[in-house]
Amino acid sequence: MRFKAIFKKFNLSLFYIMYLFGYTVIAIDLNFENNFWNIRMKNSARGRVDPFIVMDVMEAARQIETLGHEVIHLEVGQPGTGAPTLAKEKVINGLSDTTMGYTVALGIPELREKIADLYWRWYKIKVDPERIIVTPGSSGSFILAFTGLFDVGDTVGIGSPGYPSYRQILKALSLNTCAIKTTSDNKFQPVATDIIDNNLDGLLIASPANPTGSMLNKDELEGLMEACDQKQTVFISDEIYHGIEYDARAVSALEISDDCFVINSFSKYFSMTGWRLGWIVVPDDYIRQFERLAQNLFICAPHISQVAALGALDSHDELNQNLKTYRANRALLIEQLPKMGFKKFAPPDGAFYFYIDVSEYTDNSLNFCKAILEEVRVAITPGIDFDPERGLETVRLSYACSTSDLKKGIRRLNNFMSKYRL
Ligand SMILES: Cc1ncc(COP(=O)(O)O)c(C=O)c1O
């Protein structure tokens, strides 16, 4: 502590101190004194989460764009279409009708009823609207679920590769992640033995998954849920990519049991990423606890977005047009990727990503993606975002953009890959 005080008082950095004592300093991390001596303001260890690399790639692409160059965005999982027309109309009319004040914490009752109708439309199951809690994005649902279900130090299993923010949100809440190393034989999804062999407080799965787009069938999902039931492990199902499926329909965990937590969002199928709206379905006896948390953590999800969502839920015809684009883009990539030299991938069952093994070209996917962005101005995501252990040999490519953008991206990637095909 005394060292800290002296450092602070004289505004000394480690560099000067070592210089004064005649030491040779080879390399100094600019943040060294902040991180190591912590002589500035306090910051929490749990808050030191990793960056969300895809957002860093977006920023690097934006900088290239500000220089006047066109970048093709195949990095971010974001539909190129924007909110459906009816959603926008609802907002335009709603703006003059309401003050857009706080809504009740659980969400506008009419919206919760319409979300319940979606479960009937998609899966022919009846879900009590009372069990649906509207949140700021599905990201808000994760915070709600993790705080509502786990205590500091509890462990939650997630499949690796997986959506990067799961483990960072867990860390920020002082929870442990058990990274379940999945394999291509199991479609990069956890299996029942992973739950039996580990003492997990919770398991979080996604089907269709990000980054692989792989989907669990009903038996596989049931197997995982039964194993969780046996081990008293809380089962959380991230169903954000439901509605974007190619051959088979995605199965909801709610078709199997009500003793689970199901998270979804308006970001993907509904094409409303920036509106920040999602929801979680909880068992009856958790409603009040989650309501209290929602009241205190967020007050409510953005009112304007809830109004827009009322329109989005009546927009299936328009949204199904987006699906046609994803289907065409997927077919194009299945045909073109091998011709470019990208041969190691499994066609996605759902969502809008290809997860590609590029180990024959690089052992550093970060540098590989950087070179692609700089040389041919196509943004794609290094696999390290999804799998800290094996992701230096993989990349993820999103095809949620328009087919014309994708064709441009393919031409440019093809040029980049020509040097590897000699
Ligand atoms: C699997 C998965 N879950 C959750 C999210 C978070 O989405 P949002 O907060 O926009 O609903 C994403 C975003 O890409 C995702 O891929």
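**View 1. The ligand and its pocket.** In this predicted model, the ligand sits in the largest pocket. To count as a pocket, a set of points on a 1 Å grid over the protein atoms alone must be open, with protein on both sides within 12 Å along at least five of seven lines. A molecule sits in a pocket if more than half of its atoms lie within 2 Å of the pocket's grid points. Since this is a predicted model, local features need pLDDT of at least 70 and side-chain atom pairs count only at pLDDT 80 or more, while totals for chains, interfaces and linings use all residues. Residues are numbered from 1 along each chain as its sequence is written, and side-chain values use heavy atoms, with hydrogens and water left out.

**View 2. Who stands around the ligand.** Look around the ligand and you'll find 14 residues, the closest being Ser139, Asp238, Tyr241, Ser265 and Ser267. A residue makes the list if one of its heavy atoms lies within 4 Å of the ligand. Sorted by class, this shell has 5 nonpolar, 6 polar and 3 charged residues; here Ala, Val, Leu, Ile, Met, Phe, Trp, Tyr, Cys and Pro count as nonpolar, Asp, Glu, Lys and Arg as charged, and the others, Gly among them, as polar. Helix H7, residues 137-149, gives the most to the shell, with 4 residues.

**View 3. Polar contacts with the ligand.** Zoom in on Asn210 and you'll see a polar side-chain atom 2.7 Å from an oxygen atom of the ligand. Tyr241 also has a polar side-chain atom 2.7 Å from a ligand oxygen, and for Ser265 a side-chain N or O atom lies 2.7 Å from an oxygen atom of the ligand. Pairs of N or O atoms like these count as polar contacts within 3.5 Å. On its own the ligand has 400 Å² of accessible area, and the protein covers 92% of that (areas by the Shrake-Rupley method with a 1.4 Å probe).

**View 4. Two cis bonds in one loop.** Now follow the loop between strand E5 (202-206) and helix H10 (218-230), where Pro208 is found. The peptide bond from Ser207 to Pro208 is cis, with omega near -5 degrees. Pro211 lies in the loop between E5 and H10 too, and a cis bond with omega of about 20 degrees joins Asn210 to Pro211. Helices (H or I, at least four residues) and strands (E, at least two) are DSSP runs, numbered from the N terminus.

**View 5. Positive phi in two loops.** Met100 isn't a glycine, yet its phi is positive, about 55 degrees. Its place is the loop between helix H5 (85-97) and helix H6 (109-123). Gln232 has a positive phi as well, near 55 degrees, and is found in the loop between H10 and strand E6 (234-238).

Terms used
Polar contact = N/O pair within 3.5 Å; in protein donor to acceptor, adjacent residues only side chain to side chain. 1 Å grid on protein atoms, 1.4 Å probe; cavity = no way out; pocket = protein on both sides within 12 Å on 5 of 7 lines; lining within 4 Å.
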